[in-house]
Amino acid sequence: MCGIVGYTGDREAFPILINGLKKLEYRGYDSAGIALEKEDGIVVYKTEGKVSRLEEMVKDKDLSSRTGIAHTRWATHGVPNAVNAHPHLSASGKLAIVHNGIIENYQVLKEALEQDGIPLKSETDTEILVNFIEKIKNETGKNLFEATQLALKRVVGAYAIVLMDADAPGRLVVARKGSPLVIGLGKNKDYIVASDASPIIAQTKTVYYLDEDEVGLLEPGKEMIIKTLDNKKVNPRLTELDMTIEELEKGGFEYFMLKEIYEQPKSVYDSMRGRIHPGKKIIRLGGIEPYENHILEADRIIMVGCGTSWHAGLVGEYMIEELARIPVEVEYGSEFRYRNPVIRPRDVVIGISQSGETADTLAALKLAKEKGALLLGICNVVGSSIARETHAGIYTHAGPEIGVASTKAFTAQVTVLLLLALRLGYLKGTIPRERYEALIEELAKAPDLIEKVLQTDLQVQQIARHYKDMKNFLYLGRGINFPVALEGALKLKEISYIHAEGYPAAEMKHGPIALIDENMPVVVIATKKGNYDKIVSNIREIKARNGRIIAIVTEGDKQVAALADHTIEIPEADEMLSPLLATIPLQLLAYHIAVMLGRDVDKPRNLAKSVTVE
Ligand code: M6R
């Protein structure tokens with residue numbers, strides 16, 4: 001939610017900031033703005049709309065400056081317009097701020113400002129925050145760094161902020177709590193700070209992930225100063241980024257989403273690399289090895305996640321219960337955190353998150369930690385908040401995912417969950433040796449199988465043409481493919497804005513069947529293994545009511561092909577692998593429909609990639 005970027009150094013700030021915003025735009029894109037330090041003070045340009053609009057707006061302006069901050073917004077307080085867009089200036093015009101997060105006690109802070117007669121122009125919590133910092137600065141005579149420390153001690157909520165002060169040229173003050181912030185250290189001791197590493201990688205690979213409740217002072221040519229809110233000095237542990245610029249570019253694809261769909265053979269391979277040894281018939285998960293006995297003795301595993309990551313958790317539930325016979329519950333982070341859940345020390349809680357920053361998942365994990373559970377993380381973004389909050393974890397290594405619709409992150413999560421289920425099943429002795437070995441072999445072949453499924457792209461595109469104008473879709477699956485149906489429906493609704501529902505196929509007769517007619521296409525995952533006959537019966541029930549069926553079937557299937565209006569074949573594989581394969585045509589279907597409808601596939605309306613607010 002919201003992307004922030006700041007630069008201070010010996011180079012022109014504007015190109016670094018605007019290119020940084022473009023990389024961060026997936027985090028929010030309803031308004032954008034930039035503040036630059038000039039000799040006679042700070043100038044701010046901001047507008048409703050995307051970063052391209054901001055770029056257009058400033059093209060004739062004098063943008064020369066070596067220090068600046070910029071923001072791309074996903075509105076929380078106040079409608080998306082130029083006034084509410086960031087950066088916000090303090091009443092004196094001397095301080096400028098960009099902010100990602102939500103200040104929960106903004107009303108209390110606002111009242112303090114109102115008592116002093118400080119005027120506010122916007123409806124945002126951020127403008128309140130910058131004025132509150134200025135008030136403390138004026139009252140105490142402290143510098144911006146110290147005033148920020150003092151002010152933040154009185155702030156409740158989540159924030160990643162970058163501040164500039166017209167009276168302290170060249171300096172940026174940064175702070176975080178709950179929202180991510182990465183500081184890049186350039187060769188000439190110049191600094192670029194951003195919500196994630198994507199704007200930084202073109203400038204430097206050396207970074208520091210600012211920790212909770214830390215405040216930093218960045219001044220070109222000098223060491224960064226990092227302190228806690230309580231003014232304890234922190235020695236920043238620098239790390240090297242392991243991503244490449246190419247990974248952040250579209251590489252000839254029209255949209256990141258399509259590129260990421262096509263990257264799945266590689267991302268699934270990367271999520272297994274070094275962990276699966278088909279020759280030796282061994283799986284090893286280094287990150288969780290010290291905790292394996294603890295997991296094996298667990299009373300139950302609880303998985304928490306949101307959106308697509310929650311769907312991956314549901315797939316994982318089938319896998320772990322089937323292969324390792326450990327009871328699993330899967331919870332939405334948002335529900336779990338607010339319902340006083342029963343958690344015991346012998347519970348293992350697994351947080352699943354692509355970004356590793358999702359506020360609800362993070363809060364659910366913190367709650368479980370307080371109650372004594374062992375926390376594991378399955379995250380894609382290395383060094384993310386969830387990765388750091390958990391005791392141990394397994395990175396998915398899918399590479400940066402930029403499209404708001406999650407694709408390769410899902411298949412990487414499912415792969416990692418299958419590795420985990422197999423490892424636990426092996427250690428517990430709950431999986432017959434033959435199946436274990438056969439599954440390892442099949443899993444090792446999954447990248448090739450996915451490659452094969454991607455060859456259905458053209459066919460899926462043609463099917464999309466038939467159905468692009470439909471107003472509703474139903475997605476059905478059974479067993480391990482029920483969550484895949486949910487995921488297919490989510491993909492379609494979030495990028496095409498077509499209403500879609502996912503259901504376990506057998507549930508249809510308990511309500512949704514009333515909706516079936518020729519205007520309600522039904523996408524059915526009807527692969528051979530797992531409840532095949534049952535799903536064939538469900539398909540007959542739909543056909544009997546004039547429903548139109550798009551079926552995902554196992555290669556060579558004749559029975560469903562004879563009933564369905566369209567069939568998309570995927571290679572035969574163990575049931576445990578079918579989510580990895582069946583999900584690909586559903587991603588492609590959603591993608592093509594959205595493109596045909598002229599949607600902004602990578603940046604669908606109202607959404608943002610990392611949901612760092614509740
Ligand atoms: O970064 P996370 O995996 O924690 O994100 C969770 C959801 O916000 C995310 O999966 C969302 O549902 C996607 N837009 C789905 O495509």
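These are my notebook entries on the cysteines, the ligand site and two buried residues of a predicted model.

**Ground rules.** I worked from a predicted model, in which local features need pLDDT of at least 70, side-chain atom pairs count only at pLDDT 80 or more, and totals for chains, interfaces and linings use all residues. I numbered residues from 1 along each chain as its sequence is written, and side-chain values use heavy atoms, with hydrogens and water left out.

**Cysteines.** I looked for disulfides, meaning a pair of cysteine sulfur atoms within 2.5 Å, and the count came to 0. For Cys2, the closest cysteine sulfur is that of Cys306, and at 18 Å it is too far for a bond. For Cys379, the closest cysteine sulfur is again in Cys306, at 12 Å, which is also too far for a bond. I then checked burial, where buried means under 20% relative accessible area, exposed over 50%, and partly exposed in between (1.4 Å probe, protein chains only). Cys2 is buried at 7%, and Cys379 is buried at 2%.

**Ligand site.** I listed the residues surrounding the ligand, taking those with a heavy atom within 4 Å of it, and found 15, the closest being Ser309, Ser353, Ser355, Thr358 and Glu494. Helix H9 (307-324) and helix H16 (482-496) each supply at least two residues of this shell; helices here are DSSP runs of H or I with at least four residues, strands are E runs of at least two, and both are numbered from the N terminus.

Which atoms of Ser353 come 2.6 Å from an oxygen atom of the ligand? I found that the partner is an N or O atom in the side chain of Ser353. With Gln354 the partner is a polar backbone atom, 2.7 Å from a ligand oxygen, and with Ser406 a polar backbone atom lies 2.8 Å from a ligand oxygen. The protein covers 91% of the 410 Å² of accessible area that the ligand has on its own, by the Shrake-Rupley method with a 1.4 Å probe.

**Glu401.** I placed Glu401 in the loop between strand S22 (392-395) and helix H13 (408-428). Glu401 is buried, at 4% relative accessibility, and a polar atom of the Glu401 side chain lies 3.0 Å from the backbone nitrogen of Ala409.

**Leu144.** I found Leu144 in helix H5 (residues 144-152), where Leu144 counts as buried at 6% relative accessibility. From C-alpha to C-alpha, Leu144 and Gly101 are 20 Å apart in space, with a separation of 43 residues in sequence.

Technical notes
Polar contact = N/O pair within 3.5 Å; in protein donor to acceptor, adjacent residues only side chain to side chain.
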